[in-house]
Amino acid sequence: MLNGNLKLAIQKSGRLTEKSLQLLRTCGLDIENYSDRLLVSSRNFELDLLFLRDDDIPEYVQDGVADIGIVGENVVIEKEADVDTIKKLGYGKCTLMIAIPEDKNMLSLDELNGKRVATSYPKILANFFRNNKIDAKIIQISGSVEIAPSLGIADCICDIVSTGNTLKLNKLKKFTNVFDSEAILIGNKNFDKDSGKYAILKNLIVRIESALNAKTSKYLMMNVPKVALPRIREILPSLKSPTILPLADESMLAVHAVIPSDTFWDIQNDLHEAGASGLLLIPIENMIL
Ligand code: ATP
Ligand code: ZN
């Protein structure tokens, strides 16, 4: 479709699909339910979405079929794609790790020397071995890596582990982390910076940053006695100076502040003790700093 729209590739159906669509919607993009279509245009932004298998996204972006893409960093590194990393997106977090049979004990990385390690991430694993000067044999398998040791074709495995349940089921245990990954926004390297598409991309990046900032912040509102204001300001880990508003009761003030989401439960007790009441914590949808 040669319509001048920015082309963004995302995973067609998998762990990153819903969160990627959610991020785009938080950015204000109106995207219709895509069902089984390969390509969908946003109704209110110059963007076409291409739905692809995640493994194909790095190459499509590298070759310019898509201008940008959202995909796991693990896939980008494994495919050795020549693309720009524009932004980490904070979801789809996972760890590629080496696991060994439960009944084996390995104390140091050195003990991997000479071992056979099954994985579907041969490139990332080879990098890890190179960086740690380990001489081990990589057995490339495309799926169900965790059964390789019980089949006798490998001594250990290197795979994405989330809960550890799959490991347990296959009588394996964690040995060492190899690579921490999350969803990233990647871009074609030959983007023409004077093109209309580049302007669209810049606009999209501002929106994405605003959505990501908002996710980690909340809006806190409370009432405080006037005399307690200095102490309240000390406690608040506010990003900016708080907003202070008069109340009908002249001995009281309303204080509003944007705070990092994860600090609320650490400070709420101190705020209370300092005299704050009626604390309200409100989610923020977008925030441009
Ligand atoms: P596709 O059909 O598109 O090839 P897939 O089966 O290869 O899909 P998914 O399992 O949907 O891929 O995972 C997509 C990405 O999600 C992974 O590449 C990884 O970056 C990330 N991810 C996050 N948590 C996990 C997890 N627990 N297991 C596997 N991948 C995870
Ligand atoms: Zn895949």
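How far does a polar side-chain atom of asparagine 74 lie from an oxygen atom of ligand 1? In this predicted model, the distance between these two atoms is 2.7 Å. Aspartate 55 also places a polar side-chain atom 2.7 Å from an oxygen atom of ligand 1, and for glutamine 11 the corresponding distance is 2.9 Å. Taken alone, ligand 1 exposes 630 Å², of which the protein buries 76%.

Allow me to turn to the surroundings of the ligand. Ligand 1 sits in the largest pocket. There are 15 residues around ligand 1, and those that come nearest are Gln11, Arg15, Asp54, Asp55 and Asn74. By class, the shell comprises four nonpolar, six polar and five charged residues.

Which domains contribute to this shell? Domain 1, spanning 6-92 + 183-214, and domain 2, spanning 94-181, each supply at least three residues to the shell around ligand 1.

I close with the cysteines. How many disulfides does a search of the whole structure find? The search returns zero. Cysteine 94 takes part in no disulfide, and the nearest cysteine sulfur to it, belonging to cysteine 158, is 11 Å away. Why does cysteine 158 itself form no such bond? The closest cysteine sulfur to that of cysteine 158 is in cysteine 156, and because the separation is 9.1 Å, the two are too far apart for a bond. For a disulfide, the two sulfur atoms would have to lie within 2.5 Å.

Key
Residues are numbered from 1 along each chain as its sequence is written. Chains are lettered from A and ligands numbered from 1 in the order in which they are written. This is a predicted model: local features need pLDDT of at least 70, side-chain atom pairs count only at pLDDT 80 or more; totals for chains, interfaces and linings use all residues. Side-chain values use heavy atoms; hydrogens and water are left out. A residue is near a molecule or strand if one of its heavy atoms lies within 4 Å of it. A polar contact is a pair of N or O atoms within 3.5 Å; within protein, one must be able to donate a hydrogen and the other to accept it, and residues adjacent in sequence count only if both atoms are side-chain atoms. Accessible areas come from the Shrake-Rupley method with a 1.4 Å probe; for residues, only the protein chains shown count as cover. On a 1 Å grid over the protein atoms alone, a cavity is a set of points where a 1.4 Å probe fits but cannot get out, and a pocket is an open set with protein on both sides within 12 Å along at least five of seven lines; lining residues have an atom within 4 Å of a point. A molecule sits in a cavity or pocket if more than half of its atoms lie within 2 Å of its grid points. Ala, Val, Leu, Ile, Met, Phe, Trp, Tyr, Cys and Pro count as nonpolar, Asp, Glu, Lys and Arg as charged, and the others, Gly among them, as polar. Domain bounds come from an automatic or database domain assignment.
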